[in-house]
Structure formats: structure tokens, C-alpha cells
Amino acid sequence: MDAPGRYGPTVADVAGRVLADLGVGHAFGVVGSGNFVLTNALREGGVPFTAARHEGGAASMADAYARMSGRVAVLSVHQGCGLTNAMTGIAEAAKSRTPMIVLTADSPASALRSNFRIDQESLAASVGAVNDRVHGPATVVSDVTRAFRTAVTQRRTVVLHVAIDIASAAADFDGPGKLSVEPPRVRPAARSVARLADAIRAARRPVFVAGRGARAAGPEVAALAEATGALLATSAVANGLFTGNPFSLGISGGFSSPTTAELIAGADLIVGWGCALNMWTMRHGRLIGANTTVVQVDVDIDAIGAHRPVDLGVVGDCAETADDVRTVLSADGRATGYRTDEVRERISASSRWQNVPVTGEVTPGRVDPRALTIALDEILPAERIVSIDSGNFMGYPSTHLSVPDEYGFCFTQAFQSIGLGLGTAIGAAFAQPGRLPVLGTGDGGFLMAIAELETAVRLALPLAVIVYNDSAYGAEVHHFGDADMTTVTFPEVDIAAIARGHGATGVTVTGLADLDEVRSWVESLPSPEPPGPLVIDAKIADDGGSWWLAEAFAGH
């Protein structure tokens, strides 16, 4: 054993230090008595820790950090109420298969009357998280290592429970063994590769749609597309994967421009690479022609055909599969496929929403959200990481803000909860510190998460927050039409003033002429003293129901 003092004498000390030594990237949380020692052990091991104002915000921070950094994040919470406060964010992470450790204290098994006592394992399992537990001093190293390995190799959100009586028990520990953990790369079967190659050979208008499972396979999928004449698109969560490619259509599904939707619907072969091909990505199947061949490539056999029938399912890593198929097809020479000069010109002219004219009259004192977002796209630095809250507004920043690559867009929509955006943007900022964090949120979601604005101010984050403020839960207003809307509409709120009260810069925008202060804030970014967060209270015009809204409610 090393000299005394390298590791603390308790299980809590050891658990935190093992996670640190295994290489977690960042920890977020709210510290209480149950997780105080656990959190400090992480910090002493060199893991940066960010204190949030609410466990729900901390959960979203950890989720976004893991997605955008490629490293495991830790959420540290108190037993009972600390865990329940974090559950919405944990559900989002679990449903998104985010590799993340929720390090939670737990009540002692004998504390049957504890106010904090709940069935934590059943709660975590109910949202799809994986449960694990530190069982005692003799197993703490193997318990923590097992949880970390599960998070990485299975891409799962793991809730690691540490009962406070076990956490305080003495532990004798020399340090963790060396552990190299990488997700497995499943090689596809040769027969499946041959069948996919045959399907591509037979296609004249192939389209490749990459999803979350292909975010690490962008170059390989793009190379195969170039060789076979396929157009490229992504699901929303993989937005940015093919930025700059002249044959990239952008996002497939509810966020597609008319040109993008038309070209995808005209495909005779659609290959989903790590993509669920669900109702969002395929507009409830309307982007798939009656005679279109559909192929799905995924490492998870249970994902294949889960949302719609497919003609061919290939179990394999997306990069490995794309490389193997390209090798098989290499003797065929390069195919033109869907990559004609005419198609390239159409994509260049009209596939981006920024190129679609903004039409319609605007109510005085209100700004068109599309025109606003296009203007902000030009004002804000191109090196950015855009996070999206949920709500009626969400299509504007998703479609009208450009992103540099797949690490420039954080889309937490697996649970469809509003209010996750502010925490998401803060976590994303730590994951990509060289980029400007930008948040698109509605007034409802922003006010729901407002406590974390103080966190952003305290951290002096140069965070640009665009609040699309319609003084309502706009999705319900548009969906339910002429019904009584008194439960989902609210008096006008001066969000800019609230932001200034937190110490941020607050700007009210009722038209494009109100953006000078935004420009001034952007100009101050290179200064040694960070300007802190900017909150844009955009009083948006009624769009009559966003074009993606019908897709969302059709799935309810």
C-alpha cells in the first residue's frame, strides 16, 4: 500500500478516487451530507467539479458533457430527495444511452424509518438506467470499476448506489489496477456486407442517414457515400456530422427543408447508419417511398426494425461496416448515383433553411423567429456549440443556426421534457471550452430552469441564451386550437430584467433593429475578462404552429 494519505480511509474516499483514476472527465452535482465525502474524493483525485443549484440542472450538465466530450461524466447527488430531483435529467440520459455515472448516496438497509428512504433501484430502473452498488470495503474497487466499464462499453447511464453506512466504513486500498476500456467494435458478417453492397449496386438514388450510433463513423460513411453516389443526411442528434459536404442534406425528418425532404423521399435506397429510422427521422414513414429499399446498420440487434420494417438489417459497427462495404465495391469504380450536378446545385441553393425566404407579416412589437435566428447565425461566432431545449420554438435554432460539426450540436430530446436546456448548455460548454455555447430555449423551459442562470454567472461563462418568448407553452396553444388556453398562457414576463438581476446581460428584442447590444457582447468575447452570459429575450411572433409541431404531436 502507498504511503498513508494518498487515499482516504473510507469506502467513500476510495469510490471517488477510483472513478478519478479510471478517467472520468468532469463531475456535476449538488452536495449534501450523503455525497459530501464522495464528491471531495473525486475532486482530490483531479476530477473538476461544478456545483449546480438544482440536481435536475446538474443531471443535464453531466449528460451534455458526456455527449459532447466523449468522456464519462459523473453526477453526484444526495440520497433520496437528491436522486428524485435529478430523475428527469437521468431519464433523458438513460434514454439517450449516455455513458454517465450517477454517484448517489443511499439510506442504510437498516434505516427503515429514514426520511430519505425510497426504493432507489426501482426508481432508476423505471427510466432505463442500469443499477449497480458498492457492496462494502472488500469490493469497492471492483464495484466501481464494473460500473465504469458498463457505462463505457455498453453506452449506458449507470446509477451507482453507496449506502451511507457502507460509505463511512474503513477501507484498505493500494489503488486501482490499470484499466483500458473502449466500446466494442462489432465486425459485420461477410454475408451481410455482401448483401448491403448488392443493395447499393442496385440503387440509382441512394441516401445515407446517420444517427447517434454513427457519430464516430462520419469519415467512413462519407467515404462510402462518395464512392457510391449516395446523398448524406443525419438524424437531429447527429446534426453537423457532414457539415461542409456539398452532398449533405442536413437533418432528415421534421426539421428537413422542402428540398431536403423531397430528395430523401425520392431515394430508391435509404441506409440508416446507427439511426433508428423512427417517426421523427422519417416523418412517420412519409420520407420513404413505396418501392424504396430500407437498410439499417446498428451494433444493437434489438434496434434493427424496432420502429419500422426493414429490408435488410446489418449488425455491426458503422465505421467497420462502411469500410468493409467500400472494400467489396472498390472494384466497381466510382458511381454517380444521386450525385449529379443538378442535385448538387439544388442542395447548394435551397437545402439549408437559411436559404428559404422568410414570408408573412409580423405583428408590431414582435420579431419573426426565423428572421431573428438567421440574423443571430451571422452575428454569433461560427465556432459554437448549440444546445436545444424542448418546445414549440425548437425548430428555429435547430434549423437556422449552423454548427461546425457533430460536436457543435447537443440535442436532448429523448424524454421530450422542457427545462433541460440551460443545464445542457452549461455541460456542453465544459465539454467544448474553445467554442461559444449557445442555447435555444422557450420562455417556459428557461423559467423552469432559471436557478442555473446563477451557475452560469458564477462561472463567468460566455453563454448566449436565445429565449423564444411567446408567453405561453406554445406547443399546447397551437395543438389544441380553439380550446380554453388560460392554463397554458401567461402574462408578459420581462426575462431580460430577470437575467440582469442574476448578473447576466439582458437584452429585449422586438425586432431586428434591437440586436446592437448582441453585437457589442460578441465583440467583447476575446477580452481577458469574460463578459458572462447574455440572455436575449426575444418577443417572437406567432408562427401559427411550427412546421415540426404536427410531427411531434402525431406521436403522442
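**Overall fold and the setting of helix H9**

The protein contains 22 helices and 18 strands. Its radius of gyration is 24 Å, close to the 24 Å expected from the globule rule for 556 residues, so the protein is as compact as a globular protein of that length. This is a predicted model, and the description below should be read in that light. Along the principal axes, the C-alpha atoms fill a box of roughly 70 × 65 × 50 Å.

A look at the interior and the surface comes next. Of the 556 residues, 55% are buried. Among contacts with a separation of 6 or more, 75% involve residues 24 or more positions apart. The accessible surface comes to about 22000 Å², and carbon and sulfur atoms account for 51% of that area. As for charge, there are 42 positive and 59 negative side chains, and the centres of these two sets lie 6 Å apart.

One helix serves as a friendly close-up. Helix H9 spans residues 218-228, and its buried residues are Gly218, Glu220, Val221, Ala222, Leu224, Ala225 and Thr228. An α-helix has 3.6 residues a turn, so residues three or four places apart point the same way. Within H9, the buried set includes Val221, Leu224, Ala225 and Thr228. The buried residues of H9 pack against two helices, H8 (190-202) and H12 (318-329), as well as against strands E7 (206-210), E8 (231-234) and E10 (269-273). After H9 comes Gly229, which has a positive phi, near 80°.

How values were computed. Residues are numbered from 1 along each chain as its sequence is written. Side-chain values use heavy atoms; hydrogens and water are left out. Helices (H or I, at least four residues) and strands (E, at least two) are DSSP runs, numbered from the N terminus. The radius of gyration is taken over C-alpha atoms; the globule rule is 2.2 Å times the number of residues to the power 0.38. Buried means under 20% relative accessible area, exposed over 50%, partly exposed in between (1.4 Å probe, protein chains only). Contact means heavy atoms within 4.5 Å. Accessible areas come from the Shrake-Rupley method with a 1.4 Å probe; for residues, only the protein chains shown count as cover. Lys and Arg count as positive and Asp and Glu as negative; His and the chain ends are not counted. The place of a charge is taken as NZ of Lys, CZ of Arg, CG of Asp or CD of Glu.
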